[in-house]
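Visitor: Please take a close look at a single part of this model, the metal site and the charged pairs.

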Amino acid sequence: MNIVINVDTPTFEQMKSTYQAPGTLPAGASFHAKLKGVTVTGYTKSHKVMFQGALANQEAARWQPNDAPAPSRSTPAPAGLPAGFATWSVLGSDEVGVGSYFGPLTTAAVFVAADQVASLTQLGVADSKKLTDPEIIRLAKQIMATCPVTYLNLMPAAYNARMKKYNQAQLKALCHNYVLAKTLERLATKPQAILIDQFVSERTYFNYLQGQPQIVSHHVYFQTKGEQAHVAVAAASIVARYQSLKAMDTLSEQAGITLPIGAGHAVDLIAAKLIRKGLDLNQFAKVHFANTQKACQLARQ
Ligand code: MG
């Protein structure tokens with residue numbers, strides 16, 4: 001099956017970053033990618049994009065917003081949020097890595113303008129926990145190409161140093177506040193609201209931030225499962241997971257072994273291997289986890 005669609009310049013640029021692939025380009029093409037079930041080619045001058053293969057229809061549909069159901073404006077906002085909140089322009093934040101022994105604590109903030117809500121939702125921006133790694137990579141690149149984004153990778157050594165001074169929830173609060181403040185500074189138009197994927201009560205959150213030079217506090221809302229309340233939080237969770245994946249790759253390279261996520265027994269076994277190799281866990285892992293003691297015991301056996 002062959003499908004050709006015509007797209008506008010921003011969409012064409014977005015597609016270009018999505019479908020970038022190594023290899024030679026066909027004549028006149030800006031990008032050319034062979035995916036499972038579909039080959040995509042974008043032509044520079046005409047902004048025509050050709051989809052070939054069994055999944056051509058499906059893949060092309062992603063880029064044709066008119067075919068997608070618009071998010072319903074009648075959907076009631078979750079408790080505690082104003083009506084119509086999901087369609088507002090929102091700066092959202094989320095973090096990943098808190099429960100994973102190896103790797104950084106990664107926090108991201110993403111600003112989604114009201115007129116981007118539908119297209120991001122249609123691209124498949126949703127809870128990062130429900131997405132596969134390739135989907136995370138594809139979506140994160142699209143989000144970073146189209147939205148103002150700030151992320152903070154607190155790598156293990158830096159994380160461990162701060163955990164001597166703060167508890168984990170406080171450290172999370174400081175990270176959220178940091179990425180939100182950095183993004184706000186760059187926005188010409190202020191968001192209608194800021195939404196934080198909630199991990200402590202509002203009161204505790206602001207208590208944790210006392211004494212900080214810059215505290216983002218205007219129009220701030222908190223929601224557990226914030227990614228369901230606004231696509232900006234879903235986008236932030238995807239960017240955070242993408243940056244965390246990249247950091248895990250770097251750490252795995254440095255360790256000379258693939259570092260698993262989570263905090264289960266597989267993690268203890270790998271941590272024990274690092275100790276036996278003479279590597280310092282402080283550079284790779286959140287050493288306050290109980291995994292450290294278990295790994296030390298295993299390494300002695
Ligand atoms: Mg969260």
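Guide: Buried here means under 20% relative accessible area, exposed over 50%, and partly exposed in between (1.4 Å probe, protein chains only). The model is predicted, so local features need pLDDT of at least 70, side-chain atom pairs count only at pLDDT 80 or more, and totals for chains, interfaces and linings use all residues. Residues are numbered from 1 along each chain as its sequence is written, and side-chain values use heavy atoms, with hydrogens and water left out.

By the first definition, D94 and D197 are both buried. Their OD atoms coordinate the magnesium ion at 2.0 to 2.2 Å; donors are N, O and S atoms within 2.8 Å of the metal (3.2 Å for Na, K and Ca), and water is not among the atoms, so the site may look incomplete. This pair links distant parts of the chain, 103 residues apart: D94 belongs to strand 5 (residues 90-96) and D197 to strand 8 (residues 193-197). Helices (H or I, at least four residues) and strands (E, at least two) are DSSP runs, numbered from the N terminus.

Strand 5 also holds E95, which is 77 residues from K172 in helix 6 (residues 168-186). K172 and E95 form a salt bridge with the closest N and O atoms 3.7 Å apart, the rule being a side-chain nitrogen of Lys or Arg within 4 Å of a carboxyl oxygen of Asp or Glu. Both K172 and E95 are buried. The count of salt bridges is three.

Helix 6 contributes another, between K182 and E185, at 3.9 Å. These two are three residues apart in the helix, and therefore separated by about one helical turn. K182 is partly exposed at 31% relative accessibility, and E185 is partly exposed at 46%.
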